[in-house]
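Visitor: I would like to go through this model with you, one question at a time. Could you show it to me before we begin?

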Amino acid sequence: MLRSSVIIALDWDAFYCSVEEHFNPELKKIAFAVKQKGIICTCNYVARALGVKKLQLHMEALKQFPDLVIVNGEDLSRYRDASKELWYFTRDMVWGGKVERLGFDELFLDVTEMIDFNIALLDNLHVPRASSQPVSSLFFRMSKDEPSVGFSCPVSSVAGNLATGSLPGDFRGDNLRLVLGSHLCHYIRSQILDLKGYTSSGGVSINKTLAKMAGASHKPNQQTVLFPEFAQDFLDTYDIGRIPWIGHKSKSIILDAIYKATDNVNHTVEGERDATVFNVRHMANKQLFINSLGQSSGDKLWDLLHGVDQTGVQPTPDMPTQISIEDTFKSLTSVIEVHNVLRRLSYSLLDRMYIDLKDSNGDWLGHPQTARLSTRPRSTGFYGSRISRSDSLPSIVFSSSHSRGSIVDYLVDRCWMPLFSKLIGDAKIFDIVLLNVAVVNIEKSPAKSSDITSFFGKKKHMDNSQLYDVHREGLPVTKRAKVVGDYADSEVAHFEFLEDDDEDVIFEEDSYNESCVVCGQRMMNFALEAHMRFHELGD
């Protein structure tokens, strides 16, 4: 019989705030919030105790709480760097580096191999007699080769909370493996706190979805174990919109199909629909899900309602496959505006390349081959498709003999603006709502290679003389850019749900594609429903 996996989900507590407090400890004593695009994306626990909530307009929050300190979080560099540091640190403790990043503040750890190794050690400690008593603890080894590296691990108790408040009937098989997993989770969280100064919430179970939901049930700075025999009872109490992968749109489609089938007019109002997992499971079936959402999504979401998640932990590679920076606008209609925005985005793009693609010695780990410019015309709306154009990335971006300003000027005038001209074609008038600059097709650098010219080919190399006629002007030092880093071959679940106690709303995805009908503020679609609560309470 195959043993189940042991998965740990880690979520950094109030991550943006924790990063700000790490650099400015005085913030720990006061109520403060971090804003992006005019929205409170997170607040520290002092502010939460006062009643400050996420996803409201920051000006609205200041009216309610005049002493609230607002920190601008639109420059993501500090958060991204801290996230990367914590990921590396955690990955070093997990055998095989089986750690997957989800956004800035979440990790999935597959510790199955570590648990199996230590279970074997535990089995060897048992006297092979039917009357023998099992040992009460073992030394959990964090290394196969270093027997002294590890921690004392009791095997008759669970570290942390229980998702259901009940213990399993016995601590054998998968249950014992999750018990050991709970102590490993506690050890890893303690190491992160002691050596890096960040608290985290943890969940332990047999797959990513159950581990994530277990971890979210007790926050902050706590951990929770969900045993498989209690998984369905645990899930049944949740609204289906709280299940990973089931976002607001999917939820509406499912409920529409269910209540249309019941032919009950009293259930046509969203607020009157029973959307608990228990109710949906009993009123629907897999075929209804497939008919409503398609074969792949229907199958997957139906399984998730039953605690089944086949998505394994996909170790996140060191190097992204692409890096992009973007910004959104109400309206962008002039070439001068586009030029200035592209310069600002280019500076941020270079910053991200230096962080993500250089090692500690300043050597390039990888070299993007292609530059890509994307935009979205206003005529397509905020839901519309992007249009893109690409060209070879000038190798001057890797030059150590040119200033950042010179490189940016060259990129804008010789790369981005020509691509923009191709995007708009012969149009004399344009109106766009998004600009995105990206470097893609990142290839690993040749070992010990300092000859960038040979790496790209001489025809792509730009010499000094080609920079002389590039237009230069002062940099408007504003950083509103969003960062999007895509990693290779990831099967990561793009969790669409938002809980009331979710820590950080990290606005770094595709676009702010929903608008509040009350105040007009644009935001990501999963945030809109929660944001509307503030207007409703105000009424």
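Visitor: Happy to start with a single side chain. Is Lys212 buried or exposed?
Guide: Good place to begin, and please keep in mind that this is a predicted model. Lys212 has a relative accessibility of 9%. Buried means under 20%, so with its 9% Lys212 counts as buried.

Visitor: Which residue forms a salt bridge with Lys212?
Guide: Lys212 sits in helix α7 (residues 208-216), and its partner is in strand β6 (residues 106-110), 106 residues apart. That partner is buried as well, with a relative accessible area of 15%. The closest N and O atoms are 2.6 Å apart, and the residue is Glu106.

Visitor: Which helices does the salt bridge of Asp356 and Arg80 tie together?
Guide: The two side chains meet at 2.9 Å, N to O. Asp356 is buried at 2% relative accessible area, and Arg80 is buried at 4%. The two residues are 276 apart in sequence, so the pair ties together parts that lie far along the chain from one another: helix α13 (residues 335-357) and helix α4 (residues 77-91).

Visitor: Are Glu113 and Lys144 buried or partly exposed?
Guide: These side chains also meet in a salt bridge, at 2.9 Å from N to O. Glu113 is in helix α5 (residues 112-125), and Lys144 is in the loop between β7 (137-141) and β8 (150-154). With relative accessibilities of 32% for Glu113 and 40% for Lys144, each counts as partly exposed.

Visitor: How many salt bridges does a search of the whole structure find?
Guide: Some of them share partners: Arg80, Asp81, Lys84, Arg352 and Asp356 are joined into one network. For the whole structure, the search finds 25.

Visitor: Now the nonpolar side. Which helix gives the largest share of the largest core?
Guide: This core has 54 residues, and Leu109 and Phe140 are among those with the most contacts inside it. Leu109 touches residues including Ile8, Val94 and Ile188. The largest share, nine residues, comes from helix α6 (residues 173-196).

Visitor: How many disulfides are there?
Guide: Cys153 is buried at 0% relative accessible area, and Cys415 is buried at 4%. A disulfide needs cysteine sulfur atoms within 2.5 Å. By this rule the count is zero.

Visitor: Where does pLDDT stay under 50?
Guide: The chain averages a pLDDT of 81, and 77% of the residues score at least 70. Where pLDDT is low, the predicted coordinates should not be read in detail. One such stretch, with eight contacts beyond four places in sequence, is residues 265-270; another, below 50 with 13 contacts beyond near neighbours, is residues 532-539.

Note on methods:
Residues are numbered from 1 along each chain as its sequence is written. This is a predicted model: local features need pLDDT of at least 70, side-chain atom pairs count only at pLDDT 80 or more; totals for chains, interfaces and linings use all residues. Side-chain values use heavy atoms; hydrogens and water are left out. A nonpolar core is a set of buried Ala, Val, Leu, Ile, Met, Phe, Trp, Tyr and Cys residues joined through side-chain atoms within 4.5 Å. Buried means under 20% relative accessible area, exposed over 50%, partly exposed in between (1.4 Å probe, protein chains only). Helices (H or I, at least four residues) and strands (E, at least two) are DSSP runs, numbered from the N terminus. Contact means heavy atoms within 4.5 Å. pLDDT is the predictor's confidence in each residue, from 0 to 100. A salt bridge is a side-chain nitrogen of Lys or Arg within 4 Å of a carboxyl oxygen of Asp or Glu.
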